[in-house]
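Could you use a walking route through a new model? Open your viewer, keep the selection box handy, and follow along.

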Amino acid sequence: MKYQVLVSFNNNLIHDETYDNLQTMAEKLGMKYQTCADISSGRVIPKYISREFPFQPQIKIVKIKQKLISST
């Protein structure tokens, strides 16, 4: 399964990438694997990533189903 990651800040899209797995995504974004897994499953809606920063990006992770990948 692949994952599309959309990161926006102040209503500006700053990151739009597709990753093969959550581990690669976590490494590239500098996040913990579990945080990416929680966001992608909908268990956590990220309001902040770190308490150290007063301004936080909005992160949306969309699962891309294999059927959609095969048809393109």
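The stops below go from the sheet to the helices and then to the charged pairs. Keep in mind throughout that this is a predicted model.

**Stop 1: the sheet**

Start by showing the strands as a cartoon. You should find an open sheet of three strands in the order S2-S1-S3, with antiparallel pairing. Now colour residues 12-19 and 58-64: these are the edge strands S2 and S3, each pairing on one side only. Turn the view to look along the sheet, and you can follow a twist that averages 15° from one strand to the next.

Next, select strand S1, residues 2-9, together with S3. How many bridges join S1 to S3? There are seven, and the two strands run antiparallel. For one specific pair, pick Val7: the bridge partner of Val7 in S3 is Ile59.

**Stop 2: the helices**

Select residues 22-29 to bring up helix H1. Helix H1 lies across S1, S2 and S3, and runs at about 145° to S2.

Move on to residues 33-41, helix H2. Which strands does H2 touch? This helix packs on the sheet, touching S1 and S3, and its direction makes about 70° with that of S3.

Stay on H2 and show side chains for Cys36, Ala37, Asp38, Ile39 and Ser40, which are buried. Add S1, H1 and S3 to the view, since the buried residues of H2 pack against these elements. Then step just past the helix: H2 is followed by Gly42, whose phi is positive, near 85°.

**Stop 3: the charged pairs**

A search of the whole structure finds two salt bridges. Side chains of opposite charge can pair when their charged atoms come close.

For one of them, select Lys2 and Asp20, whose closest N and O atoms are 2.6 Å apart. Lys2 sits in strand S1 and Asp20 in the loop between S2 and H1, so this pair ties together parts that are 18 residues apart in sequence. Lys2 counts as partly exposed, because its relative accessibility is 29%.

Finally, select Arg43 and Asp38. They form a salt bridge, with the closest N and O atoms 2.9 Å apart. Is each partner buried or exposed? Arg43 counts as exposed because its relative accessibility is 58%. Asp38, at 17% relative accessibility, counts as buried, because the cut-off for buried is under 20%.

Methods. Residues are numbered from 1 along each chain as its sequence is written. This is a predicted model: local features need pLDDT of at least 70, side-chain atom pairs count only at pLDDT 80 or more; totals for chains, interfaces and linings use all residues. Side-chain values use heavy atoms; hydrogens and water are left out. Two strands pair if DSSP finds at least two bridges between them. Helices (H or I, at least four residues) and strands (E, at least two) are DSSP runs, numbered from the N terminus. Axes are lines fitted to C-alpha atoms, for helices over the stretch in contact, and angles run from 0 to 180 degrees between N-to-C directions. Contact means heavy atoms within 4.5 Å. Buried means under 20% relative accessible area, exposed over 50%, partly exposed in between (1.4 Å probe, protein chains only). A salt bridge is a side-chain nitrogen of Lys or Arg within 4 Å of a carboxyl oxygen of Asp or Glu.
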